[in-house]
Amino acid sequence: MKVLIVSDTHGKQAELDKALQQAGKIDMFIHLGDVEGGEDYIDAVVESEKHMVRGNNDFFSDLPNEEEFFIGDKKVFITHGHGYYVSMGTEYIKEEGQARKADIVMFGHTHRPYLDIEEDITVLNPGSLSYPRQEGRKGSYMILEVDKDGKFCYTKYFLD
């Protein structure tokens, strides 16, 4: 299984198109908020299963604030992250994930890629496709792949 994870596109579909092209065939698409009106576009161009949440800039969106679902046998908790003070660190969102018995917590908002894999929980942020804030300022996303043995592998990618 191949999962494309993006965040903070802020209505810039060209960057999303680049990530979709670079990723190739995917089985699931996850957007972690600040879609800014791109929901219909994503529905039109992404044919796989989709999970999207609203961000702090999705003012008139009907997307949920948070979602929980499974990828294989792993429970996933997704949210934009601004309600968990992620700009100051990941302690609160990690605690929330643990309280929900999540194996994987995904968030956006900071516009910086982040990956912390621990024995009992994985916390990640794919960064921003449109307005990256990390050194080098290249749009970023992540791909999660689950192999036939159920092993999870996370890879960070940057737009060309």
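Strand β5 makes a good starting point: 5 of its 6 residues are buried, so β5 is largely enclosed by the rest of the structure. Here, buried means under 20% relative accessible area, exposed means over 50%, and partly exposed lies in between (1.4 Å probe, protein chains only). The model is a predicted one, in which local features need pLDDT of at least 70 and side-chain atom pairs count only at pLDDT 80 or more, while totals for chains, interfaces and linings use all residues. Residues are numbered from 1 along each chain as its sequence is written, and side-chain values use heavy atoms, with hydrogens and water left out.

β5 has partners in β4 and β6. It is joined to β4 by 6 bridges in an antiparallel arrangement, and to β6 by 3 bridges in a parallel one. Two strands are said to pair if DSSP finds at least two bridges between them. Helices (H or I, at least four residues) and strands (E, at least two) are DSSP runs, numbered from the N terminus. Across the β4 pairing, Phe70 stands opposite Lys75 in β5; on the β6 side, Val76 stands opposite Ile104. The hairpin of β4 and β5 has 2 residues between the strands, and Gly72 takes a positive phi near 60° there.

Stepping back to the whole protein chain, there are 3 helices and 10 strands, arranged along the sequence as β-α-β-α-β-β-β-α-β-β-β-β-β. For 160 residues, a compact globule would have a radius of gyration near 15 Å, and the 14 Å of the protein chain agrees with this. That radius is taken over C-alpha atoms, and the globule rule is 2.2 Å times the number of residues to the power 0.38. Of the 160 residues, 53% count as buried.

What lies inside? In soluble globular proteins, nonpolar side chains tend to be buried together. A nonpolar core is a set of buried Ala, Val, Leu, Ile, Met, Phe, Trp, Tyr and Cys residues joined through side-chain atoms within 4.5 Å. The largest such core has 18 residues, of which Ile5, Ile30, Ile71, Ile78, Met106 and Leu144 touch the most other members. Strands supplying at least two residues each include β1 (2-6), β2 (28-31), β5 (74-79) and β9 (140-146). The largest share, 3 residues, comes from β9. Apart from this core lies another of 17 residues, among them Leu4, Leu20, Ile26 and Tyr141.

Tyr141 also stands opposite Tyr157 in β10. β9 and β10 pair in the antiparallel sense over 7 bridges. Their hairpin has 5 residues between the strands, with Gly150 taking a positive phi near 85°.

Two loop residues round off the picture. His111 lies in the loop between β6 and β7 (113-117) and counts as buried, at 3% relative accessibility. The side chain of His111 reaches the backbone oxygen of Tyr131 at 2.7 Å. Contact means heavy atoms within 4.5 Å; leaving aside neighbours within four places in sequence, His111 is in contact with residues including Asp8, His10, Tyr131 and Arg133. Lys12, in the loop between β1 and α1 (13-23), is partly exposed, with a relative accessible area of 33%. With neighbours within four places again set aside, Lys12 is in contact with Ser130 and Tyr131.

Notes:
A polar contact is a pair of N or O atoms within 3.5 Å; within protein, one must be able to donate a hydrogen and the other to accept it, and residues adjacent in sequence count only if both atoms are side-chain atoms.
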